[in-house]
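Subject: Structure handover, with notes on salt bridges and their surroundings

Dear colleague,

Here is the structure for your files. My notes on what was found in it follow below.

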Amino acid sequence: MVEKHTCEAVVIHCIDFRFRKKLNEYLMSRFPEGYDLISVAGGIKRLVSDSIENNFILEQLKISHKLHEPKVIVLIQHEDCGAYGGSKSFGDFEKEKDFQASELNKAEAILKAQFSQKIEQYFVRVSGKITSL
């Protein structure tokens, strides 16, 4: 019989290589026993823009939940995300940060209707600075 295994968290973030090393260091310090990772272009973009009935990110989260019972769902968006047109699409940093915070809040609302776990939101700067929202 296969032993049941759980993880501390499931994390959703963008595929952008510029952030991977810092994010992995931070996440491993927070969740040293490991975490499930859902990494797609735009991070949570598809979660908030696709229909609930046909939502790739939501399906991945359900699989993580079923197989590994993560205690926390971590949502991470970043500065200069190409899936959103990059920083130039926003005009200035505050508009970009506000937009990404809005996307994170939409994602959290969707997830609260589906899951009972605690949800954490983060925004990462190109410099590597990670900010909790």
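Is Glu103 buried or exposed? Glu103 is buried, with a relative accessible area of 6%. Please keep in mind that this is a predicted model.

Glu103 and helix H4

Glu103 is found in helix H4. The carboxylate has a charged partner: the side chains of Glu103 and Lys106 meet in a salt bridge, at 3.3 Å from N to O. Both residues lie in H4 (residues 93-112), three residues apart, about one turn of the helix. The spacing suits such a pair, because an α-helix has 3.6 residues a turn and residues three or four places apart point the same way. Lys106 is partly exposed, with a relative accessible area of 43%, while Glu103 counts as buried.

Glu103 also makes a side-chain polar contact of 2.9 Å with the side chain of Tyr84. Tyr84 appears again in the list of contacts: leaving aside neighbours within four places in sequence, Glu103 touches Ile44, Val48 and Tyr84.

As for the helix as a whole, the 20 residues of H4 should span 28 Å at 1.5 Å a residue, and the end C-alpha atoms are 28 Å apart, so the two values agree. At the start of H4, a side-chain oxygen of Asp92 comes to within 3.1 Å of the backbone nitrogen of Glu94. Glu103 is one of the buried residues of H4, a list that also includes Glu96, Gln100, Ala101, Leu104 and Ala107. Further along, Glu108, Ile110 and Leu111 are buried as well. The buried residues of H4 pack against helix H2 (45-49), helix H3 (56-68), E3 and E4.

Glu120 and strand E4

The second acidic residue to look at is Glu120, which is found in strand E4. Glu120 is buried, with a relative accessible area of 8%. Two basic side chains meet it.

- Arg30: the side chains of Arg30 and Glu120 form a salt bridge, at 2.7 Å from N to O. Arg30 lies in helix H1 (residues 17-30) and Glu120 in E4 (residues 118-124), so the pair ties together parts that are 90 residues apart in sequence. Arg30 is partly exposed, with a relative accessible area of 30%.
- Lys118: the side chains of Lys118 and Glu120 form a salt bridge, at 3.4 Å from N to O. Lys118 is exposed, with a relative accessible area of 52%.

The atom pairs also register as polar contacts, at 2.7 Å for Glu120 with Arg30 and at 3.4 Å for Glu120 with Lys118. Beyond the neighbours within four places in sequence, Glu120 is in contact with Arg30, Val72, Ile73, Val74 and Leu75.

What encloses the strand that carries Glu120? Six of the seven residues of E4 are buried, so E4 is largely enclosed by the rest of the structure.

Strand pairing

E4 has a partner in strand E3 (residues 72-78): seven bridges join the two, which run parallel. In this pairing His78 stands opposite Val124 of E4. E3, H4 and E4 together make a right-handed β-α-β unit, and the buried residues of H4 have E3 and E4 among the elements they pack against.

E4 is also joined to strand E5 (residues 130-132), by three bridges, and these two run antiparallel. Val124 turns up here too, with Ile130 as its bridge partner in E5. E4 and E5 form a hairpin with five residues between them. Gly128, in the turn, has a positive phi of about 100 degrees.

Salt bridges in the whole structure

How many salt bridges does a search of the whole structure find? The search finds nine. Those described above include Arg30 with Glu120, Lys106 with Glu103 and Lys118 with Glu120. Elsewhere, Asp16, Arg18 and Asp80 are linked in a network of salt bridges.

Two places are worth opening in the viewer. One is Glu103 between Lys106 and Tyr84; the other is Glu120, with Arg30 and Lys118.

Regards

How values were computed. Residues are numbered from 1 along each chain as its sequence is written. This is a predicted model: local features need pLDDT of at least 70, side-chain atom pairs count only at pLDDT 80 or more; totals for chains, interfaces and linings use all residues. Side-chain values use heavy atoms; hydrogens and water are left out. A salt bridge is a side-chain nitrogen of Lys or Arg within 4 Å of a carboxyl oxygen of Asp or Glu. Helices (H or I, at least four residues) and strands (E, at least two) are DSSP runs, numbered from the N terminus. Buried means under 20% relative accessible area, exposed over 50%, partly exposed in between (1.4 Å probe, protein chains only). A polar contact is a pair of N or O atoms within 3.5 Å; within protein, one must be able to donate a hydrogen and the other to accept it, and residues adjacent in sequence count only if both atoms are side-chain atoms. Contact means heavy atoms within 4.5 Å. Two strands pair if DSSP finds at least two bridges between them. A crossover is right-handed if, with the strands pointing away from the viewer, the path from the first strand over the helix to the second runs clockwise. The expected span of a helix is 1.5 Å times one less than its number of residues.
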